[in-house]
Amino acid sequence: MQESFPDTLIDRFQRRVDYVRLSVTDRCDFRCVYCMAEEMTFVPKRDVLSLEELQQVGQAFSELGVRKIRLTGGEPLIRNNIMSLVTELGQLPGLDELVITTNGSQLQRLAPELREQGVKRVNVSLDSLNPRKFRHLTRHGNLDQVIAGVDAAVAAGFERVKINAVILKGRNDDEVVDLVEFVRSRAIDLAFIEEMPLGNIVEHDRELSFCSSQELRDMISARYPLQAEGEPQGHAGPARYFSMRDSPSRIGFISPHSENFCHQCNRVRVTAEGRLLLCLGAEHSVDLRAVLRGPGYSLARLKHSIVAAMDIKPERHYFDNRGEPEIVRFMNMTGG
Ligand code: SAM
Ligand code: SF4
């Protein structure tokens with residue numbers, strides 16, 4: 001007899017899960033100081049989900065009512081043959097939005113094709129507009145290349161291009177208004193993300209470098225008054241957005257420390273190794289790779305594991321300690 005499945009994923013706290021972040025690789029061409037150690041050991045390639053396995057995961061989630069998939073990593077655009085996965089996911093009937101988060105290094109080359117294959121929106125991480133500082137923060141990045149990538153994305157006509165920036169006190173907090181001016185000049189959006197205690201980094205003291213969203217809002221408002229857009233809704237995610245009177249650009253703030261948003265969490269993550277993570281700030285997970293590679297694999301078995309996993313999604317994260325990592329995995333495993 002054929003097993004029947006719900007057409008929506010609901011957890012124990014009555015939250016609907018309709019958004020999945022898929023990490024397609026843990027590898028990256030950058031080594032951002034808040035995300036990775038300088039010397040990283042990556043997962044052996046055989047342990048990373050294949051493109052076919054990633055497609056199965058995307059299909060299972062979309063058949064269970066997920067409306068939005070974000071490809072992330074590591075750097076998703078350095079994964080070999082990533083465009084074949086983009087094409088497959090772009091054709092899933094139930095999906096409203098296929099989106100991507102990238103460091104921008106490959107965007108100049110790939111932006112037009114991503115747009116053609118159905119990617120609606122791109123987020124590009126960019127923390128500094130000063131080439132020397134940008135190199136220090138990313139350890140390997142080339143600022144000109146990333147800016148060319150942002151401009152290629154704007155030219156490709158995505159529904160939305162958004163810059164993500166992590167601000168660290170003493171490193172790039174003097175560039176907050178410059179970043180606002182950068183997005184205003186291109187009529188794109190910007191979201192500031194508070195640094196999260198993921199992975200054991202030694203490069204800076206997270207307690208000392210922490211910049212709250214409120215501090216950033218104060219800095220920006222002194223130059224460009226910000227008008228709150230109200231509570232985040234639906235797919236808007238945890239960012240709180242503000243507009244400016246004289247520009248279409250919106251400025252968002254993602255504040256896992258200072259403004260807890262767990263009560264409206266609608267997302268889960270799949271790591272590059274196929275671990276379904278129910279919360280970024282907790283270790284609750286289910287090994288989807290074991291299902292995908294297990295005997296008698298079927299899409300129904302995969303869907304069954306995903307539905308069952310909803311019962312262990314925790315109520316909230318506890319990122320209350322800004323210095324010490326509570327979660328030892330690095331952000332590149334989970335894609336943020
Ligand atoms: N490589 C892509 C990129 O940089 O956009 C995608 C993966 S990256 C892990 C996704 C996002 O996580 C980036 O915007 C990055 O700035 C953010 N990120 C990484 N480590 C973080 C941390 N410890 N706290 C807050 N955000 C972090
Ligand atoms: Fe790579 Fe993105 Fe992490 Fe930077 S934030 S090291 S670009 S995965």
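**A walk through the sheet and its helices**

In this predicted model, A191 of strand 8 stands opposite G252 in strand 11, and this pair of residues is a convenient place to enter the structure. Strand 8, which covers residues 189-193, pairs with strand 11 in the parallel sense over 4 bridges. Strand 11 spans residues 247-254 and is mostly covered, since 6 of its 8 residues are buried. Strand 11 also pairs with strand 10 (residues 240-244), but here the two run antiparallel and are joined by 5 bridges. One of the bridge pairs brings M244 together with S247 in strand 11, and the two strands form a hairpin with 2 residues between them.

These strands belong to a wider arrangement. The protein chain has 11 helices and 14 strands, and an open sheet of 12 strands runs in the order 9-10-11-8-7-6-5-4-3-12-13-14, with mixed pairing. The edges of this sheet are strand 9 (226-228) and strand 14 (285-287), each of which pairs on one side only. Neighbouring strands of the sheet are turned against each other by 25° on average, if direction is ignored.

Further along the order, strand 3 (residues 19-23) and strand 4 (residues 68-72) run parallel and are joined by 5 bridges. Within this pair of strands, Y19 stands opposite K68 in strand 4. Strand 4 is paired with strand 5 as well, in the parallel sense and over 4 bridges, and the bridge partner of I69 in strand 5 is L98.

How much of strand 5 is buried? The answer is 6 of its 6 residues, so strand 5 is largely enclosed by the rest of the structure. In a regular strand the side chains alternate between the two faces of the sheet. Strand 5 shows this arrangement clearly when its residues are followed one by one: E97, V99 and T101 point one way, whereas L98, I100 and T102 point the other way, and all are buried.

Helices lie against these strands. Helix 1 (residues 51-63) lies across strand 3, strand 4, strand 12 (267-270) and strand 13 (275-277), and it runs at about 175° to strand 3. Helix 3 (residues 107-116) also packs on the sheet, where it touches strand 5 (97-102) and strand 6 (119-125), and its direction makes about 160° with that of strand 6.

Helix 2 (residues 82-90) shows how a helix can turn one side inwards, for its buried residues are I82, M83, L85, V86 and L89. Seen down the axis of helix 2, these buried residues fall within an arc of 155°, so they line one face of the helix. An α-helix has 3.6 residues a turn, so residues three or four places apart point the same way. The cover over the buried residues of helix 2 includes strand 3, helix 1, strand 4, strand 5, helix 3 and strand 6.

A similar reading can be made for helix 4 (residues 131-138), in which K133, F134, L137 and T138 are buried. Viewed down the axis of helix 4, the buried residues fall within an arc of 120°, so they too line one face. On the other side of helix 4, P131 and R132 are exposed, while the cover over its buried residues includes helix 5 (143-156).

Loops can hold buried residues as well, and H204 is one example, lying in the loop between strand 8 and helix 7 (206-209). Why does H204 count as buried? Its relative accessible area is 12%, and buried means under 20%. Leaving aside residues up to four places away in sequence, H204 touches V33, Y34, L168, R171, E195 and S209. Of these partners, V33 is 171 residues away from H204 in sequence, although the two are 7.9 Å apart in space, C-alpha to C-alpha.

Contacts between distant parts of the sequence also appear in the totals for the chain: residues 24 or more positions apart account for 75% of the contacts with a separation of 6 or more. Of the 336 residues of the protein chain, 57% count as buried.

The model also contains ligand 2, which is surrounded by C28, F30, R31, C32, C35, M36, G74 and N103. By class, the shell around ligand 2 has 5 nonpolar, 2 polar and 1 charged residues.

Definitions and conventions. Residues are numbered from 1 along each chain as its sequence is written. Chains are lettered from A and ligands numbered from 1 in the order in which they are written. This is a predicted model: local features need pLDDT of at least 70, side-chain atom pairs count only at pLDDT 80 or more; totals for chains, interfaces and linings use all residues. Side-chain values use heavy atoms; hydrogens and water are left out. Two strands pair if DSSP finds at least two bridges between them. Axes are lines fitted to C-alpha atoms, for helices over the stretch in contact, and angles run from 0 to 180 degrees between N-to-C directions. Contact means heavy atoms within 4.5 Å. Buried means under 20% relative accessible area, exposed over 50%, partly exposed in between (1.4 Å probe, protein chains only). The arc is that of the directions from the helix axis to the C-beta atoms. A residue is near a molecule or strand if one of its heavy atoms lies within 4 Å of it. Ala, Val, Leu, Ile, Met, Phe, Trp, Tyr, Cys and Pro count as nonpolar, Asp, Glu, Lys and Arg as charged, and the others, Gly among them, as polar.
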